[in-house]
Amino acid sequence: MGCDGGTIPKRHELVKGPKKVEKVDKNAELAARWKYCALSTEKLRRPIVACDLGRLYNKDAVIEYLLDKSADRPNSEVVSHLRGIKDIKELNLTDNPAWEGERRNIKGDRYEDMHCAMFICPVVGLEMNGKHRFCFLQTCGCVFSDRALKEVKTEICHKCGDPFKDESLVVLNGTKEEVDKLREKMEEKRAKAKATKKSKKNKVAETVAKPSDSKENPESTETVSSEGQTSTQNGGDNSQPVPEPPASSSTKVVTPSAATGSKRSIQTMEEKSETYKSLFTSHSSAKRTKDQTSNWVTHTPYHF
């Protein structure tokens with residue numbers, strides 16, 4: 001029964017139509033992305049880190065995940081691209097002087113501004129609450145607003161002074177298209193690092209293999225015969241045959257410096273022998289002439 005007693009039903013109460021899609025509150029969504037950890041869904045607290053896709057995490061939550069990846073977590077697919085501690089970067093954030101802390105409205109008698117953020121841009125002063133686009137540098141971890149990077153164009157960090165390039169900029173909590181671009185960039189970077197690591201391994205293997213080859217093939221030596229002919233002898237067979245020395249001649253394995261030294265010694269010996277010969281002949285000829293003169297004096301008769 002029902003519908004009596006002066007009640008007036010409405011159409012939406014009697015006719016069931018399609019359910020309306022519930023709209024997500026934008027303020028609540030921004031607060032969830034910029035004030036809470038993407039992995040543990042806890043409030044962000046220092047130290048805060050970010051990945052190559054621009055998501056914000058508490059560092060201790062990421063370390064716990066890397067230590068035990070088998071544990072069941074509600075948002076484990078968010079960090080599936082993290083392989084180690086090198087895939088995250090600790091952020092160098094600037095505190096907001098207008099931030100009074102979490103206990104500023106305990107009694108509930110004050111107006112709480114949902115857009116008031118814990119951190120601001122150190123150049124322009126914009127609050128990091130999701131209304132403005134923010135980026136961080138992979139080189140130093142400093143965080144700036146996109147407006148500051150466009151207004152003050154420089155290749156040096158505004159906060160710490162380290163040099164950077166546009167390739168090192170990563171958008172924080174970007175749109176779906178920006179996240180897809182960052183994912184492609186991350187995959188290219190990892191592939192390039194893998195290729196360079198592989199090339200270094202190949203170079204090390206080549207340098208190790210070269211000394212072993214030199215040990216297996218000893219240096220070539222030269223053989224010098226008594227006639228002055230030289231021939232090289234290697235560990236392997238040569239294409240040109242080496243002529244055999246005569247039976248009377250003796251072969252010796254010498255170096256080029258030894259061969260030149262032997263030639264010089266032979267020349268000096270020949271010169272010395274010639275000088276000895278000349279001295280001996282001159283002495284013998286002088287003695288012979290003296291004997292002849294004495295014989296002539298003794299045997300010659302005297303005529304008076």
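User: What makes β1 and β2 a strand pair, and what does G54 do in their hairpin?

Analyst: In the hairpin of β1 and β2, which has four residues between the strands, G54 takes a positive phi near 85°. Strands here are DSSP runs of E, at least two residues long, while helices are runs of H or I of at least four, numbered from the N terminus. Two strands pair if DSSP finds at least two bridges between them. β1 and β2 (residues 56-58) have three bridges, in the antiparallel sense, so they pass that rule. One bridge partner to look up is N58 in β2, which sits across from I48. By the way, this is a predicted model: local features need pLDDT of at least 70, side-chain atom pairs count only at pLDDT 80 or more, and totals for chains, interfaces and linings use all residues. Residues are numbered from 1 along each chain as its sequence is written, and side-chain values use heavy atoms, with hydrogens and water left out.

User: What else pairs with β1?

Analyst: Strand β3 (residues 88-90) does, running antiparallel to β1 with three bridges. There, V49 stands opposite E90.

User: Which way do the residues of β1 point, and are they buried or exposed?

Analyst: I48 and A50 point one way, V49 and C51 the other, and all are buried. Buried means under 20% relative accessible area, exposed over 50%, and partly exposed in between (1.4 Å probe, protein chains only).

User: Why is I85 called partly exposed?

Analyst: I85 has 46% relative accessibility, so it falls between the 20% and 50% cut-offs and counts as partly exposed. You'll find I85 in the loop between α3 (59-67) and β3.

User: Why is the pair of W34 and F134 called edge-to-face?

Analyst: Rings of Phe, Tyr and Trp (its six-membered ring) pair if their centres lie within 6.5 Å; planes under 30 degrees apart are stacked, over 60 edge-to-face, and the rest tilted. By this rule the count comes to one aromatic pair. The centres of W34 and F134 are 6.4 Å apart and their planes are at 65°, so the pair is edge-to-face. W34 lies in helix α2 (residues 26-35) and F134 in strand β6, so the pair ties together parts that are 100 residues apart in sequence. Both W34 and F134 are buried.

User: What makes β7 and β8 edge strands?

Analyst: The open sheet of three strands has the order β7-β6-β8, with antiparallel pairing. β7 (143-145) and β8 (169-171) each pair on one side only. Three bridges join β6 (residues 134-137) to β7, and F136 stands opposite V143.
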